[in-house]
Amino acid sequence: MPRPTTRDPADTPAVALNPTAVVLGVLAVVGSWTPALAFAVLAGPLAVIAGVAGIHYVHHGTGRLRTAITGTILGAAGFGSSITVGVLSF
């Protein structure tokens, strides 16, 4: 007979939100200054959304606050700089 399993906070998909926000934020920052990587306009808001959701889950005891904040800031900076570069190039 298998042992009963209990729910662990590390078993939730919310644990992956913070690293996803950081990766998308880095891609947004790098993509905002590289014309070949024009997906920064999409990666930035996705990083902010994942970061804010990660912050929400951190307050419920799942995940790490530092990576959630880092992903949110990088996503906002990448999106803002891609919009600025796009506006200034026209």
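How much space lies in the largest pocket? I began with this entry and noted about 170 Å³. I record at the outset that the model is predicted.

**Entry 1: overall make-up.** I listed the secondary structure and found three helices and zero strands. Read from the N terminus, the order of elements is α-α-α. I then looked up burial for the chain: 26% of the 90 residues count as buried.

**Entry 2: the largest pocket.** I returned to the space of about 170 Å³ and asked which residues lie nearest its centre. The lining has 13 residues, and Gly31, Ser32, Thr34, Ser82 and Val85 are the ones nearest the centre. I noted that α1 (17–32), α2 and α3 are the elements giving two or more residues to this lining. Helix α3 supplies the largest share, with four residues. I also sorted the lining by chemical class: seven residues are nonpolar, six are polar, and none is charged.

**Entry 3: the nonpolar surface patch.** I next looked for a nonpolar patch on the surface and found one of about 320 Å², made by Val41, Phe79, Ile83 and Val87. Which helix gives the most to the patch? I recorded helix α3, residues 65–89, with three residues. Val41 sits in helix α2, which spans residues 40–58. I checked the exposure of Val41 and entered it as partly exposed, because its relative accessibility is 42% and that class lies between 20% and 50%.

**Entry 4: Thr12 and Gly63.** I located Thr12 in the segment that precedes α1. Is Thr12 buried or partly exposed? Its relative accessibility is 22%, so I entered Thr12 as partly exposed; the limit for buried is under 20%. I then looked up the spacing of Thr12 and Gly63, which stand 51 residues apart along the chain. Their C-alpha atoms are separated by 9.7 Å.

**Entry 5: summary of α3.** I close with the helix that recurs in these notes. Helix α3 gives the largest share of the pocket lining, and α3 also gives the most to the nonpolar patch.

Notes: Residues are numbered from 1 along each chain as its sequence is written. This is a predicted model: local features need pLDDT of at least 70, side-chain atom pairs count only at pLDDT 80 or more; totals for chains, interfaces and linings use all residues. Side-chain values use heavy atoms; hydrogens and water are left out. Patches are made of residues with over 30% relative accessible area and no salt bridge: like charges are joined within 9 Å, nonpolar side chains (Val, Leu, Ile, Met, Phe, Trp, Tyr) within 5 Å. Accessible areas come from the Shrake-Rupley method with a 1.4 Å probe; for residues, only the protein chains shown count as cover. A salt bridge is a side-chain nitrogen of Lys or Arg within 4 Å of a carboxyl oxygen of Asp or Glu. Buried means under 20% relative accessible area, exposed over 50%, partly exposed in between (1.4 Å probe, protein chains only). On a 1 Å grid over the protein atoms alone, a cavity is a set of points where a 1.4 Å probe fits but cannot get out, and a pocket is an open set with protein on both sides within 12 Å along at least five of seven lines; lining residues have an atom within 4 Å of a point. Grid points are joined across faces, edges and corners, and a volume is the space filled by probe spheres set on the points. Ala, Val, Leu, Ile, Met, Phe, Trp, Tyr, Cys and Pro count as nonpolar, Asp, Glu, Lys and Arg as charged, and the others, Gly among them, as polar.
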